[in-house]
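Open the model in your viewer and keep the sequence panel beside it. The stops below say what to select at each point and what is there.

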Amino acid sequence: MLPRAISLLVLLPFLLLPACQTTVSTPAGGGGGDAVAKKAHDCSQHAEGEEGCGGDCGAKAEAKEGEGHDCSAGAGNKIEHPDVEKEVVDGTTVLKAGVPLGSTAGATEVTVQALLDEPEKFAGKVVKVTGDVSAMCHHKRGWFALVAPDKSGRNLRVLTAPSFLVPEGVIGMNASTEGVVELIEIPEEAARHYAKEHKLGDPMEIVGPQKQAVIRAAGAAFRQA
């Protein structure tokens with residue numbers, strides 16, 4: 001009996017080895033490696049409001065609202081007007097978000113081009129702007145952009161959270177919005193992210209922090225262009 005018991009003790013580690021290996025190994029080419037990577041890369045640990053965690057977390061320079069990244073107001077903070085109203089006007093579907101247009105007292109109508117040409121002139125003022133939507137924040141729907149009609153490729157970003165969220169699928173639509181003009185400074189990495197991921201400028205031309213005029217919107221209406 002004793003020699004047999006000794007033999008079992010010698011063989012026991014080898015008998016258990018395959019079972020232990022299956023608990024830690026990942027099949028080659030399988031999805032397990034991705035699962036491990038995702039677990040190690042916990043995007044929830046980023047500063048609230050960082051964009052791009054669907055695969056691009058390089059935007060973590062955009063850490064705080066007011067410092068270039070503007071989706072943070074939609075991340076955990078209560079949205080004041082979460083619902084989108086849809087109606088058909090003259091056969092065209094119109095999406096309305098935030099407070100109704102015309103509700104913002106003292107709004108001055110201004111063009112996208114004029115605001116981009118002389119941002120300091122409008123800083124702190126309440127304006128109404130209309131233009132074609134060229135981009136939006138798909139991650140938290142906290143902003144959209146209006147392209148300048150002068151074919152320069154310049155864009156005006158409209159910050160919507162925490163007042164409202166940008167409706168899905170509005171790129172290419174015509175939008176009217178009202179809000180306060182703000183001048184902000186965007187970190188270089190964040191500006192490159194906007195240029196690369198949202199086509200808002202040429203990333204190769206961005207050097208250092210970027211000063212930018214934005215609209216802090218109270219409401220907007222979107223319709224097919």
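## Strand 8 and its partners

Select Leu159 and Arg216 to begin: Arg216, in strand 8, is the bridge partner of Leu159. This is a predicted model. The two residues belong to a pairing of strand 6 with strand 8, which runs in the parallel sense over three bridges.

Now colour strand 7 (173-186) and strand 8 (210-224). They pair in the antiparallel sense over 14 bridges. Pick Asn174 and look across to strand 8, where Arg223 stands opposite.

Keep Arg223 selected and add Val94, whose bridge partner in strand 8 is Arg223. Strand 2 and strand 8 are antiparallel, with five bridges between them.

## The hairpin of strands 1 and 2

Move along to strand 1, residues 84-89, which pairs with strand 2 in the antiparallel sense over six bridges. Select Val84 and find its bridge partner in strand 2, Ala97. The two strands make a hairpin with two residues between them. Asp90 sits in that turn and has a positive phi of about 55°.

Continue past strand 2 (92-98) into the loop that leads to strand 3 (108-109), and select Gly106 there. Is Gly106 buried or exposed? Gly106 counts as exposed because its relative accessibility is 63%, and the cut-off for exposed is over 50%. Add Lys128 and draw a distance between the two C-alpha atoms: the separation is 9.6 Å, for residues 22 apart along the chain.

## The nonpolar cores

Hide the backbone trace and show side chains as sticks. Which residues have the most contacts inside the largest nonpolar core? They are Leu115, Val129, Phe144, Ile215 and Phe222, in a core of 27 residues. At least two residues of this core come from each of strand 2, helix 3 (112-117), strand 4, strand 5, strand 6, strand 7 and strand 8. Strand 8 gives the largest share, five residues.

Centre the view on Leu115. Leaving aside residues up to four places away in sequence, Leu115 touches Val110, Phe122, Val127, Val129, Leu156, Val181, Ala213 and Ile215. Another core, of 14 residues, lies apart from the 27-residue one. Its members include Cys137, Ile184, Ile206 and Val214.

## Aromatic pairs

The structure holds two aromatic pairs. Select Trp143 and Tyr194 for one of them: the ring centres are 5.5 Å apart and the planes stand at 85°, so this pair is edge-to-face. Trp143 is in strand 5 and Tyr194 in helix 5, 51 residues apart, and the pair thus links distant parts of the chain. Both Trp143 and Tyr194 are buried.

Go next to Phe144 and Phe222. Here the centres are 5.1 Å apart and the planes are at 70°, so this pair is edge-to-face too. Phe144 in strand 5 and Phe222 in strand 8 are 78 residues apart, and this pair also links distant parts of the chain. Phe144 is buried, as is Phe222.

Return to Trp143 and add Arg157. The charged end of Arg157 sits over the Trp143 ring, 5.2 Å from its centre. Arg157 also lies over the face of Tyr194, at 4.1 Å from the ring centre.

## Helix 5

With Tyr194 still selected, extend to the whole of helix 5, residues 188-198. Which residues of helix 5 are buried? They are Ala190, Ala191, His193, Tyr194, Ala195 and His198. These buried residues pack against strand 4 (126-136), strand 5 (143-147), strand 6 (155-159), strand 7 and strand 8. Step off the end of the helix to Lys199, which takes a positive phi of about 60°.

## The whole chain

Zoom out and colour by secondary structure. The protein has five helices and eight strands, in the order α-α-β-β-β-α-α-β-β-β-β-α-β from the N terminus. Switch to a surface: about 12,900 Å² is exposed, and 56% of it is supplied by carbon and sulfur atoms. Of the 225 residues, 34% count as buried. Among contacts with a separation of 6 or more, 68% join residues 24 or more positions apart.

Notes: Residues numbered from 1 in each chain as written. Predicted model: local features only at pLDDT ≥ 70, side-chain atom pairs only at ≥ 80, totals over all residues. Heavy atoms only, no water. Helix = DSSP H or I, 4+ residues; strand = E, 2+ residues; numbered from the N terminus. Buried < 20%, exposed > 50% of the residue type's maximum accessible area, 1.4 Å probe, protein only. Contact = heavy atoms within 4.5 Å. Areas by Shrake-Rupley, 256 points an atom, 1.4 Å probe, with all protein chains shown as cover. Core = buried A, V, L, I, M, F, W, Y, C linked by side-chain atoms within 4.5 Å. Pairing = 2+ DSSP bridges. Phe/Tyr/Trp six-rings, centres within 6.5 Å; stacked < 30°, edge-to-face > 60°. Lys NZ or Arg CZ within 6 Å of the ring centre and 35° of its normal.
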